[in-house]
Structure formats: structure tokens, C-alpha cells
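Open the model in your viewer and keep the selection tool ready. The tour goes stop by stop, with something to select at each one.

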Amino acid sequence: MKWEGNRESENVEDRRGYGGGGGGGFGFGGRSVGLGTIAVAVVASYFLGLNPMTVISMLTGGSSGMAPVQQIPAQAPPASDQMAKFVSTVLADTEDTWTEIFRAQGGTYAKPRLVLFSGSTPTACGTGQSASGPFYCPGDQKIYIDLSFYRLMQQRFHVSGEFAQAYVIAHEVGHHVQHLMGISDKVDSARQRMSEAQSNALSVRLELQADCFAGVWAHHADRARNILESGDVETALNAASAIGDDALQRQAQGHVVPDSFTHGTSAQRVRWFQRGIENGKLNACNTFETKQL
């Protein structure tokens, strides 16, 4: 992926060092939670749509240890940090792309902020933990990521490559776009009146649309700035395939439970991300009205 030398976003907060990282595990409610537990919680929360604090509490028999929200000093990451430079550049690219897309439709794109943290950090959605993987909080319109997640992607899911890493950020930005368009609020409201299976099915459509929006970003970014190199799309498609609900459930429990899917199968995630890349249009990402996902 060609990104070095491109514009970096100023909307990046570096909170690393202010959280609860360090040592061989993370503390929750007075208990030490090992890295194995964290890894299970990452899979369950980020990929299967469960609350990581609930998972950790279930696994440890303790409380989730949710801390009161507090203010953390906002500072820019050091200029010498190459990975921070990478995510800042990817975020800037999404800003430029979505600003143009919104402008073309007569709208204004409100840029999200991206927060780098380690261990834990306060958010408008509660205490964010490394165990949750990257996530978007609509309450403060911020994307949160512990960069160690990229190492987990490579070690646990055998997914590597800069464009695969960019896909993770672009997916979370996709959720921000859904928030700005009022889509996520409508989905949240509808899910409250549904059964668990119906709610999960609607969650799948929301997640697949975020995958498609990530593809829309890649389509326009490459046309404008030629960011893609040979093999980049394949690495992102591999990432989408590796984190399908069916693939993760087979890895974790040896069988799949379709009614519990919240993000979509490997084939569905690949198909919608690819659709966004190939088409580049928002109306091609209407996962809520199509019969065939």
C-alpha cells in the first residue's frame, strides 16, 4: 500500500501510557486477567459482536470493573512512531475521501477522531478495553484502537499487510458514516423491538454495510491517489474472510450457529467489501433492502 509521504490527520489522540496496560495481563475488578482470556474476549467481542466486559466477567467470575469516565489529556503521537504515522495517514485518507463523497451529495462530513490507547481508556460508551479490539463510539464520534491488535491479527488469524490493517480502520470509519447518515440509530431502535435472532440478523446487515463502505473508501482513494499495490486487495479480502462469523465459530467451538451471527459469514464479508471496491457508490451498499446477502 502506498501511503508514506501522504497527508497525516490531526484528529489523532495518543493516550498510550494513560491506560491500564503493562505486565502479563490486565486488571478488572481487582482480578488479574491473563492474555489468553483477553484473546478469547477479543474474538467474542470484536468479531462476534459481544460485549467484551461481559465475556471477561463470565470467564473470570468477577465484575467487569467499569471505571468512571475521566478526562485524558489529548496529545499527538510522536513523529518517530511509524505505526502511529500509518494510522494517521489512513485516517487522513478516509477524511479526504468521505469529505468529497458527502460534498458531492450536498452534505458535510464531520470528521471522527481516532484514539490510540493501551490497556483501557474512558469513552462516552463506557470504559474501552484492549480486549474489545478496535471499535467506534457514536457517543463521542471517536474510533478507538490499541495497536497491539494488529499483532494479534497476524498471530491468531494469520492476516498481515498494510492494506488489511487499513481495512480495519476503514470499517470503523464506515460505522461513523452510518452514524452521520442516521442508519445506526434506526438499527438500534429497531433491534430493541426484535427477538435475539432478528436483532442479530439486523446487526449482520449493519456490519456488512460498514464493510462495503470500507470498500467505497478504497475505490475512491485509489482513483484519487493510487494507494493500492499488487496484492493489496487480496490481503484485505483475506482479512474479511478470516473474521467471518462462521470461520471464527469453527475455530473457537468446532461448529457454527447461524442465528448467533452478528457480522456475517466469510463469504458475505468478502462479497460486500469487494462490492464497495468495485462499485464505489453508496447506493451499492444498501444491505438492508437486498434479499441475498
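Which strands does helix α3 lie across? Select residues 82–104 to find out: this is α3, and the helix lies across β1 and β4. Add residues 113–116 to show β4; α3 runs at about 165 degrees to that strand. Keep in mind that this is a predicted model.

**The whole chain**

Colour by secondary structure. The chain has ten helices and eight strands. Of its 293 residues, 53% are buried. Switch on the surface: about 13,200 Å² is exposed, and carbon and sulfur atoms supply 48% of that area. Now consider contacts between residues at least 6 apart in sequence: 73% of them join residues at least 24 apart.

**The sheet**

Select β1, β4, β8 and β7. These four strands form an open sheet in the order β1-β4-β8-β7, with mixed pairing. Why is one side of β1 and of β7 left without a neighbour in the sheet? Look at residues 12–14 (β1) and 135–137 (β7): both strands stand at the edges and each has a single partner strand, so one side of each has no neighbour there. Turn the sheet to view its twist, which averages 25 degrees from one strand to the next.

Next, zoom in on β7 and on β8, residues 142–145. The two strands run antiparallel and are joined by three bridges. To see one pair of partners, pick Tyr 136 and then Ile 143 in β8.

**Helix α6**

Select residues 183–191, which make up α6. Show the side chains of Ile 183, Ser 184, Val 187 and Ala 190, which are buried. They cover an arc of only 125 degrees around the axis, so they lie on the same side of α6. Add α5 and α7 to the view, since the buried residues of α6 pack against these two helices.

**Helix α10**

For the last stop, select residues 266–279. This is α10, with 14 residues. A distance drawn from its first C-alpha to its last comes to 20 Å, close to the 20 Å expected at 1.5 Å a residue.

Which residues of α10 are buried? They are Ser 266, Gln 268, Arg 269, Val 270, Trp 272, Phe 273, Gly 276 and Ile 277. To see what covers them, display the helices α5 (162–180), α7 (196–225), α8 (232–242) and α9 (245–253), which are included in that cover. Finally, step just past the end of α10 to Gly 280, where phi is positive, at about 75 degrees.

Key:
Residues are numbered from 1 along each chain as its sequence is written. This is a predicted model: local features need pLDDT of at least 70, side-chain atom pairs count only at pLDDT 80 or more; totals for chains, interfaces and linings use all residues. Side-chain values use heavy atoms; hydrogens and water are left out. The expected span of a helix is 1.5 Å times one less than its number of residues. Buried means under 20% relative accessible area, exposed over 50%, partly exposed in between (1.4 Å probe, protein chains only). Contact means heavy atoms within 4.5 Å. Accessible areas come from the Shrake-Rupley method with a 1.4 Å probe; for residues, only the protein chains shown count as cover. Two strands pair if DSSP finds at least two bridges between them. Axes are lines fitted to C-alpha atoms, for helices over the stretch in contact, and angles run from 0 to 180 degrees between N-to-C directions. The arc is that of the directions from the helix axis to the C-beta atoms.
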